[in-house]
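Trainee: Before I use terms such as salt bridge, edge strand or oblique for a model, I would like to see how each one is justified. Could we go through them together?

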Amino acid sequence: MPTKPKIIKPGNDSTDFRFAAWLNQIIDMGGFKNVYLFGGRGLGKTSDILSGRVQDVSFDMPGAPFAFVGDTYVNLMTNTVKVLIEGLQRKGWAENYHYVLDKAPADEWREKQYAKLFSYKHTISVFNGCTINLVSMDRPSSGAGNSYVHLFGDESKYLKFEKLKKLMPAIRGDYIRFGHSPFYRGHTFTSDLPNPLENEDPWMLEMASRMDKQQILDIIDLGFVLNDIHKEMYWAEMEGTSEDVRRLSKKLVRWEDRQIKRRQNSTFFYVASSYVNADILTEGYFDEQLESLGIDEFKRAIASIKTFLERGRMFYGNLDAKHFYADGYNYDYYDQFDLRDNIQQTSRGLRYIRPNSPLEAGFDAGNMMSLVLGQEQKPYYRVLKNLYTLTPEWIEDLALKFTDFFATHNKKELALYYDRAANQYSKAKRDFATKLKNSIEKVNGKRTGWSVKLMNVGQANITHAEEYDLMNDIMAERDPRLPKLLMDKFECKELKGSLELAPMDKVSGKIKKIKKSEQLALKRLPLESTNMSDAFKYLMCRSKWLDISKKRNTTYVGSATVR
């Protein structure tokens, strides 16, 4: 039978001394029913705060079923769970001793479960009978028909509240068995600050009004008293008498009862900058971040001060939530994997790809190589995937990412659209477009089966004004001759950020896409620069659609005659 890992928590048989940021300590000692936390980079939202809450809630409600919610099931499997498990292990839990993944636990564990499960696929089972089920917004069936007693979630800005509230009735459990705990029917959510203009949901901001500040201060004060008693207990057990231990045990029970009563129906809401973790991150971390991020991004990512691009300054001003779809994963493919597997993300996992039709790609060259993949599926144009490399990775690496991801695609034909600058150096043997074509068609001298057709040989330059007119015509759906645009919200995450953050201005009366973001630090380019939007530009700004847009946006003025 496994023993409890040593963590500071009222009621444990032993006490361990941990070093943690003050905010982590407040949340640990407070034991609030609900926690809604916005935090900057390096705060350890998943690995420290969420993992700590998972342990505390599990100890307080043995046998309870929990749900961990995310934007997509794929993201939960490939990212969130891995970070959560790393946090649990750092806090003393070991696999097969304190928890198991994807398999039925030992009979003695199962006997403690409130609700026996028919399948333990994609489930975390804890030694005291608790279970954690994965639930995602893009796969509502993952939580259908179940009953939970606490709900956990990360990156809440990606969770649409209209969908999330449909899960709330499932947070009910068994009051007779679990109602004693202040954690019963509670929520624990973390995120960085949302930007509504990027279609991120600010629902968690409304939770601030649910916090009773005096109640929270009382709980924290009681938590400090309990922490002091635990320290006294530690030294009494080490150096004191049995009478000291007995006296302190009674004192501990009295103060625990007082805090438990005050913790009932408590909500803790907080917006924290990365400076909360300054002792761990060190001063040099912030200097480096300011230097590499710049002041605007530093405010957003580190100081939790979100900066917004006004819609009137957006180059893609008609970009809207309707242009992104969130149901693009084929879970018949992903269900074959366990949580511990090295999950292979390939085109077989795309729900809307047509494997028997050719692919099209827009390519932008530079220190960030960007590739945007799509298919014309009338009346829609569906953007399925984006890929990129950053220096020192180069064209061959981008080609390999493409051939690996689309290895099972049946119709191995690719129409490649690109900036004329990508092949204007062909005579100097610096033809990037042809180099990408050759790298896709052959790897180490062996043919891959792919045939790439270069679509822009001899093409005229595409002006900013032409791109602006065409893309805003398409996004506004003004002309039935132009396709309706649909982009995969999750597989085109970098493209989405690039389009949403691309600013515009008028220079000498002409519309310009402002491209200063391409001078950002290398690691910031994928999500914040206009690079990926340029690859998208080459994919979409093809002659047949440009001609339609030009005719729409041409004004004919006749000669003026005075009579």
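Trainee: What makes the meeting of the Arg351 and Asp327 side chains a salt bridge?
Mentor: In this predicted model, the N to O distance between the side chains of Arg351 and Asp327 is 3.2 Å; the rule asks for a side-chain nitrogen of Lys or Arg within 4 Å of a carboxyl oxygen of Asp or Glu, so the pair qualifies. By this rule the count comes to 28 salt bridges.

Trainee: How do you know that this pair links distant parts of the chain?
Mentor: The two residues are 24 residues apart, with Asp327 in the loop between β9 (324-325) and α11 (331-334), and Arg351 in the loop between α11 and β10 (359-364).

Trainee: Why are α12 and α13 called oblique to each other?
Mentor: The axes of helix α12 (residues 395-405) and helix α13 (residues 432-441) cross at roughly 45° and come within 9 Å. Angles under 35 degrees would count as roughly parallel and 65 to 115 as roughly perpendicular, so the pair, falling in neither range, is oblique. The crossing of α12 and α13 is right-handed.

Trainee: Which residues make that contact between α12 and α13?
Mentor: From α12 they include Leu398, Ala399 and Phe402, and from α13 they include Phe432, Leu436 and Ile440; by class, the contact has seven nonpolar, two polar and two charged residues.

Trainee: Why, then, are α1 and α7 described as roughly perpendicular?
Mentor: The axes of α1 and helix α7 (residues 213-239) cross at roughly 90° and come within 8 Å; since 65 to 115 degrees counts as roughly perpendicular, the term applies to α1 and α7. Here Ile26, Met29 and Gly30 in α1 meet Ile219, Ile220, Gly223, Phe224 and Asn227 in α7, and these residues divide into five nonpolar, three polar and no charged.

Trainee: What makes β3 and β8 edge strands of the sheet?
Mentor: The open sheet of eight strands has the order β3-β4-β5-β2-β6-β7-β1-β8, with mixed pairing. Because β3 (99-101) and β8 (267-272) each have a single partner strand, one side of each is left without a neighbour in the sheet.

Trainee: How do you know that β4 and β5 are paired?
Mentor: Pairing requires at least two bridges, and three join strand β4 (residues 123-126) to strand β5 (residues 131-136), so the two antiparallel strands meet the requirement. In one of these bridges, Thr123 has Asn133 in β5 as its partner.

Definitions and conventions. Residues are numbered from 1 along each chain as its sequence is written. This is a predicted model: local features need pLDDT of at least 70, side-chain atom pairs count only at pLDDT 80 or more; totals for chains, interfaces and linings use all residues. Side-chain values use heavy atoms; hydrogens and water are left out. Helices (H or I, at least four residues) and strands (E, at least two) are DSSP runs, numbered from the N terminus. Axes are lines fitted to C-alpha atoms, for helices over the stretch in contact, and angles run from 0 to 180 degrees between N-to-C directions. Angles under 35 degrees count as roughly parallel, over 145 as roughly antiparallel, 65 to 115 as roughly perpendicular and the rest as oblique. A crossing is left-handed if the near helix is turned anticlockwise from the far one by less than a right angle, and right-handed if clockwise. Contact means heavy atoms within 4.5 Å. Ala, Val, Leu, Ile, Met, Phe, Trp, Tyr, Cys and Pro count as nonpolar, Asp, Glu, Lys and Arg as charged, and the others, Gly among them, as polar.
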